[in-house]
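Please look over the sequence and the model below before reading on. The paragraphs that follow go through the surroundings of the ligand and then turn to a pocket.

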Amino acid sequence: MDPKLTQYVIDSFSTENSVQKYTNDIASGLWASEKLLVEKYFAQGSTILDLGCGPGRTSLALAEMGYKVTGVDVTPKFIDIAKSKLSTINFAVGDATKLRFADQAFDNILFSFNGWSMIPSAHGRAEAAAEIYRVLKSRGYYIFCVHKRTIIGQELTWLTQLIRLKVLKPLGYPSKEQDFGDFYFNRDTETTYPIPQFVNFMDIKEVKRLHEDLGFQVQLMAMRSELSKSDDQLKSGDVMFFVLRKP
Ligand SMILES: C[S@@+](CC[C@H](N)C(=O)[O-])C[C@H]1O[C@@H](n2cnc3c(N)ncnc32)[C@H](O)[C@@H]1O
């Protein structure tokens, strides 16, 4: 992946607002929906690669549930905090698009809180998906979630983006977006992040196809709101969970 794009992700997650937000989140533990899926699909005591672990919200909760957790994140500041707070868990700085683990190294993999869709460029996300498939054991499960792209109610947003990408950009006008669905945002509406975070609002059919083409079998696709009513109080908006299995 283009190193400039990776650096943008690191810079956007390293701002004071972002570090504070994700560090505060450690105490909140797993979302009810995450807990439900983890308990259903990840065998007790199995090894988990917690990708995009941030400062450790999910890593701590999973370790407390008895899993053997390895937390990996591309943002060094997050890994420094995780290591200082949770010294019993194995954390490392790493990029999901080129993982430094052997083939079939983990029983299960989690990429929580839309982390995979925050990798810029379709190419980068495809690289990460292939790496995840490679380091997952046969019969292992991979759980992640994404923001689903909906057109209804958002027609103007996507229409203006389409014009920027397909008409103005080829004419030489600058555009931050590279793929349809790209979105730069402030995590909390109360504060303005100095470097907006990146996410792609995903076409669910494309996400499914990409992973099936790699060999994954889809076990479950469900909105967070369908899995847990209590997660409705989370500020992050509804997301779609995927549970995939490597044959
Ligand atoms: C929305 S945050 C979630 C953090 C944590 N999992 C949580 O739920 O609080 C997404 C995380 O993905 C990480 N991330 C983004 N791109 C990554 C990549 N290519 N490799 C590893 N981590 C990445 C970011 O640094 C960030 O910590």
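In what follows, Ala, Val, Leu, Ile, Met, Phe, Trp, Tyr, Cys and Pro are counted as nonpolar, Asp, Glu, Lys and Arg as charged, and the others, Gly among them, as polar. The model is a predicted one, and the description begins with its ligand.

The space that the ligand takes up is the largest cavity. Around the ligand there are 20 residues, of which Gly52, Asp73, Thr75, Ala96 and Ser112 come nearest, and by class this shell consists of 10 nonpolar, six polar and four charged residues.

Polar contacts can be traced to individual residues of the protein. An oxygen atom of the ligand lies 2.7 Å from an N or O atom in the side chain of Thr75, while a nitrogen atom of the ligand is 3.3 Å from a polar backbone atom of Val74. Ala96 also offers a polar backbone atom, which is 2.9 Å from a nitrogen atom of the ligand. On its own the ligand has 590 Å² of accessible area, and the protein covers 99% of that area.

The second largest pocket has a volume of about 210 Å³. It is lined by 13 residues, and those closest to its centre are Ala122, Arg125, Asn200, Met202 and Glu206. The elements that contribute two or more residues to this lining are helix H6 (122–135) and helix H8 (204–214). Under the classes set out at the start, the lining of the second largest pocket divides into seven nonpolar residues, one polar residue and five charged residues.

Notes
Residues numbered from 1 in each chain as written. Predicted model: local features only at pLDDT ≥ 70, side-chain atom pairs only at ≥ 80, totals over all residues. Heavy atoms only, no water. Near = heavy atom within 4 Å. Polar contact = N/O pair within 3.5 Å; in protein donor to acceptor, adjacent residues only side chain to side chain. Areas by Shrake-Rupley, 256 points an atom, 1.4 Å probe, with all protein chains shown as cover. 1 Å grid on protein atoms, 1.4 Å probe; cavity = no way out; pocket = protein on both sides within 12 Å on 5 of 7 lines; lining within 4 Å. Sits in = over half its atoms within 2 Å of the grid points. Points joined across faces, edges and corners; volume = space filled by probe spheres on them. Helix = DSSP H or I, 4+ residues; strand = E, 2+ residues; numbered from the N terminus.
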